[in-house]
Amino acid sequence: LIHKNNYCIPLLKRNLRFLFSLFKKTNLAIASDGGVMHLAWVAKTQLIALIPPQVVKHLEDTIPLGDNNHILYKEMNEISKNEVMSLIDKILNKHK
């Protein structure tokens, strides 16, 4: 990719640094399983991770661990707005 587009890597580095610093200043992140979720975890941001059940079976060693993480093991279409809002309230009110 570097050989095809010289701007790919500098843009990627800049965006990851920006995103990391944003997470460091954020009270809560909601992310599906992927790089952004892991970056929020590394930044020690309160995290709601949306992880499909079939992923857990194969990648349980890569799930974010710790007290700052709350994981919903459901398909995206099974997660209700009320469920997420309730979890958000619980997390943010815990740290007031």
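Let's start in the middle of the sheet. Gln46, Ile48 and Leu50 point one way from β2, Leu47 and Ala49 point the other way, and all are buried. In a regular strand, side chains alternate between the two faces of the sheet. So how many residues of β2 are buried? The count is 5 of its 5, and β2 is mostly covered. Keep in mind that this is a predicted model.

Now the whole sheet. It is open, it has 3 strands, and the order is β1-β2-β3. The pairing is parallel. Which strands sit at the edges? They are β1, residues 28-32, and β3, residues 69-72, and each pairs on one side only. From one strand to the next, the twist averages 15°.

Next, the pairings. β1 and β2 are parallel, with 5 bridges between them. In that pair, Ala29 stands opposite Leu47 of β2. On to β2, residues 46-50, and β3: these also run parallel, joined by 4 bridges. Here Leu47 comes up again, with Asn69 in β3 as its bridge partner.

How does the chain get from β1 to β2? Look at helix α2, residues 35-42. Together, β1, α2 and β2 make a β-α-β unit, and that unit is right-handed.

Last, the charged side chains. Opposite charges can pair when the charged atoms come close. The count in this model is 1 salt bridge. Which side chains form the salt bridge? Glu83 and Lys74 do, at 2.8 Å from N to O. Are they buried or exposed? Glu83 has 22% relative accessibility, so Glu83 counts as partly exposed. Lys74 is at 28%, so Lys74 counts as partly exposed too.

Technical notes
Residues numbered from 1 in each chain as written. Predicted model: local features only at pLDDT ≥ 70, side-chain atom pairs only at ≥ 80, totals over all residues. Heavy atoms only, no water. Salt bridge = Lys/Arg side-chain N within 4 Å of Asp/Glu carboxyl O. Buried < 20%, exposed > 50% of the residue type's maximum accessible area, 1.4 Å probe, protein only. Pairing = 2+ DSSP bridges. Helix = DSSP H or I, 4+ residues; strand = E, 2+ residues; numbered from the N terminus. Axes fitted to C-alpha atoms, helices over the stretch in contact; angles between N-to-C directions. Right-handed = clockwise from strand over helix to strand, strands pointing away.
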